[in-house]
Amino acid sequence: MGLTSTTVLALAVASAVLLFVGTVWCWPRLARRSWPAVGGRVGLLLATQVMLFASVGLAANQAFGFYASWADLFGQEKDQGVVVDHTPGVRSDGSLRVTETRKAREGGDFRPHIGGQVQKVDIVGRKSHIATPAYVYLPPEYFQPQYRDRTFPASVVLTGYPGTARALVDKLRFPGAALKLAEEGRMQPMILVMLRPTVAPPRDTECVDIPDGPQTETFFANDLPEAVGDHYRVDKGPGAWGIIGDSTGGYCALKLAMHHPRVYAAGAGLSAYYKAPIDATTGDLFHGDKGLRDRSDLLWYLKHMPAPDTSLLVTSSKVGESNYKDTLEFIERAKDTNLTRISSIILESGGHNFNTWRREIPGTLQWISGRLGDQRK
């Protein structure tokens with residue numbers, strides 16, 4: 001029986017109830033001071049507590065989809081996602097300040113021209129006036145003398161909500177994955193700009209330009225590429241930028257690539273959803289503006305707006321992800337445009353968690369590398 005099965009949850013709850021009743025029933029018989037009686041009391045209490053915690057954990061997992069299977073729970077799902085391309089024939093006033101540097105991967109070389117470097121930066125948007133920290137990964141080639149005049153493609157990488165930018169470095173290990181793939185010749189050296197989409201904390205703005213509120217879409221579409229391009233050697237031509245995100249960040253990545261294809265030549269949404277939620281964390285995002293609300297619904301956008309000339313990648317799991325059906329619909333609508341290029345990674349199972357996204361990251365980085373700069377397809 002699977003981890004998310006209601007039968008498993010029912011058995012756990014029934015076991016917890018039976019153990020509780022059994023403890024009450026047997027307690028007078030175990031009231032003696034003998035070692036067997038003491039051991040019996042300890043065993044009953046321990047078993048009851050374990051089943052109670054298991055029941056709560058299983059219920060929480062079903063509600064929030066942290067893990068899709070027992071193998072996913074115990075970290076045994078290791079197979080990486082495979083990209084399937086659905087497109088036939090397709091293979092200032094704004095400022096940036098570096099505040100800290102570190103090596104690109106755990107156990108890696110401290111010398112940046114060998115092991116690359118991650119720089120912690122503070123970014124201030126010229127148009128949006130949004131200020132936020134971020135981490136920038138620079139590949140080893142960036143520091144090598146023979147490449148001193150070379151520019152590089154770049155990708156924004158976004159967390160979910162609330163998320164932390166540091167998790168992209170330490171937990172999802174984007175810099176280490178990019179370094180390894182480039183060493184193996186599976187992707188071109190690329191700059192990664194890693195941050196969370198919550199640039200106006202604690203509010204979840206869903207990358208929307210909120211009327212009379214934070215101009216988050218403007219920050220990501222204009223200010224961020226400008227600030228990074230002014231400070232680092234980023235390609236200036238078309239197709240220089242891509243964007244990747246998971247969960248809320250995945251929704252933002254797809255939306256920004258669709259709304260701003262001249263800025264983002266490719267967008268990848270890992271476990272993305274396709275319509276901005278309205279809840280206590282977001283507040284009123286659209287202030288009654290139906291046009292703004294509709295533009296933020298990506299399925300509506302593909303059906304009613306001119307097809308964006310960009311490349312998109314979506315990911316999901318047949319078991320464990322709530323976005324599976326919407327993802328299939330999104331793929332079909334993108335294919336119907338005959339202009340938007342769509343690819344996907346569909347896992348057999350995988351929950352809404354870091355372990356699943358780590359399986360999808362290598363394929364995603366390789367995919368986006370092939371669609372930026374001179375390697376675009």
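**Exercise 1. Determine how lysine 180 and glutamate 184 are exposed and how their side chains interact in this predicted model.**

Solution.
Step 1. Lysine 180 has a relative accessibility of 43% and therefore counts as partly exposed, since that class lies between the limits of 20% and 50%.
Step 2. Glutamate 184, at 40% relative accessibility, is likewise partly exposed.
Step 3. The two side chains form a salt bridge, with an N to O distance of 2.5 Å. The cut-off for such a contact is 4 Å, and the pair is one entry in a search of the whole structure that finds 13 salt bridges.

**Exercise 2. Describe the salt bridge between aspartate 170 and arginine 166, and identify the network to which these residues belong.**

Solution.
Step 1. The closest N and O atoms of aspartate 170 and arginine 166 are 2.7 Å apart, and the two residues form a salt bridge.
Step 2. Both residues belong to helix 5 (residues 165-170); because they are 4 residues apart there, about one helical turn separates them.
Step 3. Aspartate 170 is partly exposed at 30% relative accessibility, and arginine 166 is partly exposed at 46%.
Step 4. A network of salt bridges links Arg166 and Asp170 with Arg102.

**Exercise 3. Analyse the contact between arginine 333 and glutamate 329 in terms of distance, helix position and exposure.**

Solution.
Step 1. The side chains of arginine 333 and glutamate 329 meet in a salt bridge at 2.8 Å, N to O.
Step 2. Helix 11 (residues 324-337) contains both residues, and their spacing of 4 residues is about one turn of the helix.
Step 3. Arginine 333 has a relative accessible area of 24% and is partly exposed; glutamate 329, at 33%, is also partly exposed.

**Exercise 4. Characterise the largest cavity by its volume, its lining and the chemical classes of the lining residues.**

Solution.
Step 1. The space in the largest cavity amounts to about 40 Å³.
Step 2. The lining includes Tyr137, Pro139, Pro140 and Glu141, as well as Ala178, Leu179 and Ala182. Met187, Gln188, Pro189 and Met190 are also among the lining residues.
Step 3. Helix 6 (residues 174-183) gives the most to this lining, with 3 residues.
Step 4. By class, the lining holds 9 nonpolar residues, 1 polar residue and 1 charged residue.

**Exercise 5. Trace the aromatic contacts of tyrosine 142 and state which parts of the chain they connect.**

Solution.
Step 1. The whole structure contains 7 aromatic pairs. In one of them, tyrosine 142 and phenylalanine 143 are arranged edge-to-face, with 5.5 Å between centres and 70° between the planes.
Step 2. Tyrosine 142 is buried at 12% relative accessibility, whereas phenylalanine 143 is partly exposed at 28%.
Step 3. Tyrosine 142 also pairs edge-to-face with tyrosine 232, at 6.3 Å centre to centre and 65° between the planes.
Step 4. Tyrosine 142 lies in the loop between strand 4 (131-138) and strand 5 (154-158), and tyrosine 232 in the loop between helix 7 (216-231) and strand 7 (241-246); the pair therefore ties together parts that are 90 residues apart in sequence.
Step 5. Tyrosine 232 counts as buried, at 4% relative accessibility.
Step 6. Ring pairs join Tyr142, Phe143, Phe152 and Tyr232 into a cluster.
Step 7. Arginine 233 lies over the face of tyrosine 142, at 4.1 Å from the ring centre.

**Exercise 6. Locate the cis peptide bonds preceding proline 162 and proline 202.**

Solution.
Step 1. The bond from tyrosine 161 to proline 162 is cis, with omega near 0°. Proline 162 is placed in the loop between strand 5 and helix 5.
Step 2. The bond from proline 201 to proline 202 is also cis, and omega is near 5°. Proline 202 is in the loop between strand 6 (191-195) and helix 7.

**Exercise 7. Contrast the settings of cysteine 207 and histidine 287, two residues with positive phi.**

Solution.
Step 1. Cysteine 207 is not a glycine, yet its phi is positive, at about 55°. Histidine 287, also not a glycine, has a positive phi of about 50°.
Step 2. Cysteine 207 lies in the loop between strand 6 and helix 7, while histidine 287 lies in the loop between strand 8 (264-270) and helix 9 (290-295).
Step 3. At 0% relative accessibility cysteine 207 is buried, whereas histidine 287 is partly exposed at 43%.

Technical notes: Residues are numbered from 1 along each chain as its sequence is written. This is a predicted model: local features need pLDDT of at least 70, side-chain atom pairs count only at pLDDT 80 or more; totals for chains, interfaces and linings use all residues. Side-chain values use heavy atoms; hydrogens and water are left out. Helices (H or I, at least four residues) and strands (E, at least two) are DSSP runs, numbered from the N terminus. Buried means under 20% relative accessible area, exposed over 50%, partly exposed in between (1.4 Å probe, protein chains only). On a 1 Å grid over the protein atoms alone, a cavity is a set of points where a 1.4 Å probe fits but cannot get out, and a pocket is an open set with protein on both sides within 12 Å along at least five of seven lines; lining residues have an atom within 4 Å of a point. Grid points are joined across faces, edges and corners, and a volume is the space filled by probe spheres set on the points. Ala, Val, Leu, Ile, Met, Phe, Trp, Tyr, Cys and Pro count as nonpolar, Asp, Glu, Lys and Arg as charged, and the others, Gly among them, as polar. Rings of Phe, Tyr and Trp (its six-membered ring) pair if their centres lie within 6.5 Å; planes under 30 degrees apart count as stacked, over 60 as edge-to-face and the rest as tilted. A charge sits over a ring if NZ of Lys or CZ of Arg is within 6 Å of the ring centre and within 35 degrees of the ring normal.
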